[in-house]
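Subject: Structure for you to look over

Dear colleague,

I am passing on the structure we spoke about, together with the sequence. Please open it alongside this message, since the notes below are meant to be read with the model in view.

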Amino acid sequence: MRVITFEEPGRVRVGLESPAELEAGCVRVRTLYSGVSAGTELTAYRGTNPYLSRKWDAEQRLFLNGKTHAYPLAGWGYQEVGEVVEAAPDVADPPVGQLVWGIWGHRSEAVVPAERLVGHVLPPGAEPIGGVFARVGAIALNAVHAADIHLGDQVAIFGQGVIGLLATRLAVLSGARVVAADAIPARLELARSYGAAETFDVTGGSVAEFIRKRIEGADTAIELSGNHLGLHEAIRTVRRGGRVVAAGFYQGDGAGLRLGEEFHHNQVQLVSSQIGGVASWLSHRWDVERLQRTFMELVHRGEIDVQSLVSHVMPVGDAPAAFDLIDRHPSEVLQLVFQFEE
């Protein structure tokens with residue numbers, strides 16, 4: 001079966017691997033679509049992911065000398081949708097023939113524990129490709145929860161890629177008045193269709209100065225560009241005692257992030273949001289599984305339109321060209337999806 005492998009920085013190969021044996025308690029899922037999370041997967045494509053140069057010690061929760069992963073990296077992938085084509089004799093749910101969403105990587109098929117797919121069945125009539133948004137939707141919802149948004153809050157959201165747009169929609173659904181910031185006009189237009197009250201092209205000036213001409217400052221900012229300059233501007237944008245949720249995947253040293261200025265003088269709260277866990281004050285009620293299911297329920301109820309975010313659907317055999325496109329022309333790509341079935 002086909003699998004996408006990062007051979008080394010800048011080099012992608014679509015190779016073959018043997019199908020796994022079906023084990024007790026598992027189902028075999030044949031992949032229909034697999035979504036690319038550009039931010040995370042480009043770190044593997046470019047060789048900038050910290051796991052490639054540092055050893056993550058899960059017990060101490062520290063990065064230490066060494067490596068966590070090494071090339072080749074086979075089957076990286078963020079969210080998949082497929083059909084259950086075989087089930088172990090002891091499995092009744094999900095049944096053969098159902099379409100399910102989950103995480104098993106950019107590969108033609110996978111053997112997945114059935115318990116990981118409970119509640120992941122697509123309802124009748126649902127567009128299968130929509131299932132590739134469950135994980136990125138959960139990341140956006142996690143960031144919105146970390147922002148602790150209240151009805152009427154003024155919220156600035158930096159970065160209107162897929163996750164930023166979803167965060168904009170979720171913040172609006174939570175009762176916020178959102179200013180969406182990005183450098184790509186088409187994404188700002190989508191943000192307006194998602195309910196943003198105002199949009200700001202960051203190539204034209206300072207978001208902080210734009211907002212402070214109207215109000216004292218944003219109550220909260222959610223930073224999803226993964227850019228240190230964006231994080232610094234988010235800090236400048238919130239009012240005294242405001243909160244900034246850093247939800248982007250920041251690479252390397254923090255050039256342009258000056259913590260002796262507004263961060264220090266305005267006593268800004270800086271909170272990290274990462275899909276490995278929910279906000280600590282919600283962990284007794286929420287987990288990642290609930291985030292994913294909640295997001296997909298919103299999609300199925302028609303409260304979030306994910307179809308408009310799909311910019312490219314490419315056959316899996318074109319994976320090398322796909323990652324080259326995302327790397328070289330990021331403004332042309334929103335959500336790229338690999339199609340496995342002809």
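What follows is a summary of what was found, taken region by region.

Please keep in mind throughout that this is a predicted model.

I would begin with helix α2, which covers residues 134–147. At 1.5 Å a residue, its 14 residues should span 20 Å, and the end C-alpha atoms are indeed 20 Å apart, so the expected and computed values agree. Of its 14 residues, 14 are buried, which means that the helix is largely enclosed by the rest of the structure. Directly after α2 comes Asp-148, which takes a positive phi of about 55°.

The next feature is an open sheet of six strands, arranged in the order β12-β11-β10-β13-β14-β15, with parallel pairing. At its edges are β12 (198–201) and β15 (269–272), each of which pairs on one side only, and from one strand to the next the twist averages 20°. Within this sheet, β10 (residues 154–158) is joined to β13 (residues 218–223) by four bridges in the parallel sense, and Ala-156 has Ala-221 of β13 as its bridge partner. Helix α6 (residues 228–237) lies across β10, β13, β14 (238–246) and β15, and it runs at about 150° to β14.

In the loop between β15 and α8 (288–300) you will find Ser-273. With a relative accessibility of 8%, Ser-273 falls under the 20% cut-off and therefore counts as buried. Once neighbours within four places in sequence are set aside, Ser-273 is in contact with Asn-142, Ala-143, Ala-146, Val-245, Ala-246 and Ala-247.

Turning to the interior, nonpolar side chains in soluble globular proteins tend to be buried together. In this model the largest nonpolar core has 57 residues, and those with the most contacts inside it are Phe-133, Leu-166, Leu-170, Ile-222, Phe-295, Ile-304 and Leu-309. At least two residues of this core come from each of β3 (26–35), α2, β10, α3 (162–173), β11 (177–182), α4 (185–193) and α8, while α2, with ten residues, gives the most. Phe-295 offers a good place to look at the packing: leaving out residues up to four places away in sequence, Phe-295 touches Phe-133, Ala-134, Gly-137, Ala-138, Leu-166, Leu-170, Ile-304 and Val-306. Another core, of 21 residues, lies apart from the largest one and has Phe-6, Val-12, Tyr-45 and Val-333 among its members.

Finally, strand β3 deserves a separate look. Nine of its ten residues are buried, so β3 is largely enclosed by the rest of the structure. Its antiparallel pairing with β7 (residues 79–87) is made through eight bridges, and that with β9 (residues 109–113) through five, where Arg-28 stands opposite Val-111 of β9. A further antiparallel pairing, over three bridges, links β3 to β17 (residues 335–339). Tyr-33 is a convenient residue to follow here, having Val-81 as its bridge partner in β7 and Gln-339 as its bridge partner in β17.

With best wishes

Methods. Residues are numbered from 1 along each chain as its sequence is written. This is a predicted model: local features need pLDDT of at least 70, side-chain atom pairs count only at pLDDT 80 or more; totals for chains, interfaces and linings use all residues. Side-chain values use heavy atoms; hydrogens and water are left out. The expected span of a helix is 1.5 Å times one less than its number of residues. Buried means under 20% relative accessible area, exposed over 50%, partly exposed in between (1.4 Å probe, protein chains only). Two strands pair if DSSP finds at least two bridges between them. Axes are lines fitted to C-alpha atoms, for helices over the stretch in contact, and angles run from 0 to 180 degrees between N-to-C directions. Contact means heavy atoms within 4.5 Å. A nonpolar core is a set of buried Ala, Val, Leu, Ile, Met, Phe, Trp, Tyr and Cys residues joined through side-chain atoms within 4.5 Å.
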